[in-house]
Amino acid sequence: MRVLIIRTFALLFAIAMIAAILVNPDNHSSAMNLNPDNNPLLAKWEGPYGGVPPFDRVQIPLFKPALEAAMAEQLAEIQKIANDPAPPDFENTIAALERTGGTYDRVTTLYGIWGATMASPEYQVVQREMAPRLAAFNDQITQNEALFKRIETVYNSPAKAKLNPEQQRVTLLYYTNFVRAGARLDANAKKRLSEINQQLAGLFTKFSQNVLAEETDQFITLKSEDELAGLPQSLRDAAAAAAETKKQPGTWVIINTRSSIDPFLTYSDRRDLREKAWRMFVNRGDNGGEHDNNAIITEILQLRAERAKLLGYPTHAHWRLENAMAKTPEKAMELMEAVWKPAVARVHEEVADMQALADKEGAKIKIEPWDYRYYMEKVRKAKFDLDQNEVKPYLQLENLREGIFWVAGELFNFNFTPVTNVPVAHPDIRVWEVTDKTTKKHIGLWYFDPYARAGKRSGAWMNAYRTQERINGEVTTIVSNNANFVKGKPGEPVLISWDDATTMFHEFGHALHGLNSNVTYPSVSGTAVARDYVEFPSQLMEHWLSTPEVLQRFALHYQTGKPIPQALVDKIKRTSTFNQGFATVEYLSAALVDMKLHLAGSQKIDPDAFERETLAQLGMPKEIVMRHRLPHFLHVFSSDSYSAGYYSYLWSDVLTADAFGAFVEGKGPYDRAVADRLRKYIFSVGNTVDPAEGYRAFRGRDPKIDALMKKRGFSPKS
Ligand SMILES: [Zn+2]
């Protein structure tokens, strides 16, 4: 299954989005032929670059018949392999499996893109119906006994030793994935397993749609200048625009999503309104009534525990981590615990700084969670004389895009040329062809969808529309980066924050991971790596934003065209470890609760009590709340993908910090020899090598935690 690659704060693949594109079902039913023979979503992609996605032909009523036909087609392909009278070998079993599902991949790619960027109520109906059916389809493949026998035979055959390393790895992954999915269970257990998976798929969809409903239905309306106190003009404009969409003309609306709430908590002088906004946001999914997620969580956890037992693992966490780089929950816990205490110690220092400032101002308050971002910003100004709004005029979206292109040219010899001869899902989306600077060879396509719009989920993410492979001749990749910047007026540059610029480099890192892919088999291509390894290439690329080469060339003032002054860059650098206590603790508390929840086994869990008690045991600072409280923790409850896996961002960051050291120890960030090693051992190999081995080949040793602690400004002894 395809999973979007996302930032810590972004949501997951399965999340439907705000329902603004209301489609009248009568508009198209008469004109549309739902016969699979004519369904355009099933057709091979046509056009230049080996074919491109037919965005111009997608209509929601086409999805269900297309998914049904694609599932049927793949099942027939699978059955043919399972029934093959020839003795099983790599070619007629594993490679043959790699050749199946072309239609299914194309359809689910479009289905996923619509889920993330065009999810109307009409789409959500299809999603509720199809989620359990797609889960059952996956089980039908992994539970096919004849097929598994063949895979097992290839895996255990002495002939395996004669396969090349990539083929051996693909064989290993097929075998272990099938076993992990229950291929060895008896018929009764398999049946129960499939029931569990289908129930879970339904619960995941319900959980996501509940969160979406609370983010859509709840908001705060500001009615007077007095209630806008402290908000910068850009925020007032955004709130006025939100009021239009919520049909509250003449007011300002703070909507219940992170991109709206966080800036409000940072700048609003009205403490009472900050508290109100904070409470609304942290209680999503926890308000009783029809969109309350607590009972759903209890049910999900029980089903996961039952499934883990059925599959022979002590807990869901053990099952999930077995094929991750960490391998065991204990290894992941060890890392989290090593970072937790120093991070908490730093939070106490940060709170002391904030309290001192509040006392000096005569605020007569004690710092509460809804004060953290507000006073943090004041301390930043007081301590470092850095106003975030001073940096913004130098960060023009289009210039930074040129900046990341330039970095990709320096590190990987890529060249980017805009193309207009391919369909896009929305007129705001632009496409570039990626070629090799020297050989001019076509490498892939990069789609850029930068602006927020109705029907698109919040956050930023990368998605691969097609992965690189060469099992039947060279197939080049198609990748996309997606964000939610507010589109400026025509002709005006879009200015973004330093954080947003970092995110751009991060997501582009995922895109480069896909574009550099150089493998034979599609299932191990590009970003199809372990969950706790996939954020490593992306987090690594964040480092290049602050290089003088990028800033001097591309961080140009939107009015004067002058590069960002060195003094300002120095200030940004000095603040690089500022507020890392808060950032680490709000993230890590969520990661620890996620892991402990999935280590708890089959006991019936009350999410509210579990969250409260676990945080108390951890010594959670009372001024901070988990980045995602359980009733809206979409990473964990909208699919299995990041469950017992939220630690992955920290795990990957250990590699990131350590890997950048290789450049520092060399000739700097643009050391071509180090970049060549990076491409050879990390960016091009996909999942064809074990990640720990790949890392060792790049760095000459295993990763150390020291660089991470230094990057975040923590002392390991505190
Ligand atoms: Zn990421």
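Contact here means heavy atoms within 4.5 Å. The model is predicted.

**Stop 1: Ile478**

Select Ile478. It sits in strand β8, residues 477–485. Leaving out residues up to four places away in sequence, Ile478 touches Trp45, Gly51, Val52, Pro53, Leu445, Tyr447, Asn463, Ala464, Tyr465 and Arg466. Pick Pro53 from that list. Its C-alpha atom is 9.2 Å from that of Ile478, although the two residues are 425 apart along the chain. Is Ile478 buried or exposed? Its relative accessibility is 0%, so Ile478 counts as buried.

**Stop 2: the zinc ion**

Center on the zinc ion. Which protein atoms are its donors? They are NE2 of His506, NE2 of His510 and OE of Glu535, at 2.0 to 2.1 Å from the ion. Along the chain, the donors follow the spacing H-x3-H-x24-E. Now color two helices. His510 belongs to α18 (residues 498–515) and Glu535 to α19 (residues 535–541), so this pair ties together parts 25 residues apart in sequence. Switch on a surface and look for the two side chains. His510 is buried, at 0% relative accessible area. Glu535 is buried too, with a value of 0%.

**Stop 3: the largest nonpolar core**

Show Trp446, Trp544 and Phe637. These residues have the most contacts inside the largest nonpolar core, which has 139 residues. Helix α14, residues 329–360, gives the most to this core: 13 residues. A second, separate core has 57 residues, including Trp45, Ala119, Leu445 and Tyr521.

Stay with Trp544 and show what surrounds it. Beyond its neighbours within four places in sequence, Trp544 is in contact with Val407, Leu411, Phe505, Val550, Phe660, Phe663, Pro669 and Tyr670.

**Stop 4: α14 against α22**

Select α14, then add helix α22, residues 580–599. Their axes come within 8 Å and cross at roughly 145 degrees. What is the handedness of the crossing of α14 and α22? It is left-handed.

Display the side chains between them. On the α14 side, the residues that meet α22 include Met333, Met336, Val339, Trp340 and Val347. On the α22 side, those that meet α14 include Phe582, Val585, Leu588, Leu592 and Met595. Charged residues appear in the lists as well, among them Arg346 and Glu350 in α14 and Lys596 in α22.

**Stop 5: α22 against α23**

Keep α22 and add helix α23, residues 607–618. These axes come within 10 Å and cross at roughly 115 degrees. The crossing of α22 with α23 is right-handed. Ser589, Leu592, Val593, Lys596 and Leu597 in α22 meet Phe610, Thr614, Leu615 and Leu618 in α23.

**Stop 6: Asp139**

Go to helix α5, residues 121–142, and pick Asp139. Its relative accessibility is 6%, so Asp139 counts as buried. Which residues does Asp139 touch, not counting residues up to four places away in sequence? They are Leu193, Ser194 and Asn197.

Draw two distances:

- The side chains of Asp139 and Ser194 are joined by a polar contact of 3.2 Å.
- The side chains of Asp139 and Asn197 make a polar contact of 3.0 Å.

Then check Gln198. Its C-alpha atom is 9.3 Å from that of Asp139, with their positions 59 residues apart along the chain.

**Stop 7: Thr171**

Jump to helix α7, residues 165–180, and select Thr171. With a relative accessible area of 0%, Thr171 is buried. Residues up to four places away aside, Thr171 touches Phe90, Ile94, Val154, Tyr155, Lys160 and Leu163.

**Stop 8: two positive phi values**

Finish in the loops. Asp385 lies between α15 (372–384) and α16 (388–391). Its phi is near 55 degrees, a positive value in a residue other than glycine. At 49% relative accessibility, Asp385 counts as partly exposed.

Now select Ala644, in the loop between α24 (634–637) and α25 (648–665). Phi of Ala644 is near 50 degrees, again positive in a residue other than glycine. Is Ala644 buried or exposed? At 1% relative accessibility, Ala644 counts as buried.

Definitions and conventions: Residues numbered from 1 in each chain as written. Predicted model: local features only at pLDDT ≥ 70, side-chain atom pairs only at ≥ 80, totals over all residues. Heavy atoms only, no water. Core = buried A, V, L, I, M, F, W, Y, C linked by side-chain atoms within 4.5 Å. Buried < 20%, exposed > 50% of the residue type's maximum accessible area, 1.4 Å probe, protein only. Helix = DSSP H or I, 4+ residues; strand = E, 2+ residues; numbered from the N terminus. Donors = N, O, S within 2.8 Å, 3.2 Å for Na, K, Ca; no water. Polar contact = N/O pair within 3.5 Å; in protein donor to acceptor, adjacent residues only side chain to side chain. Axes fitted to C-alpha atoms, helices over the stretch in contact; angles between N-to-C directions. Left-handed = near helix turned anticlockwise from the far one by under 90°.
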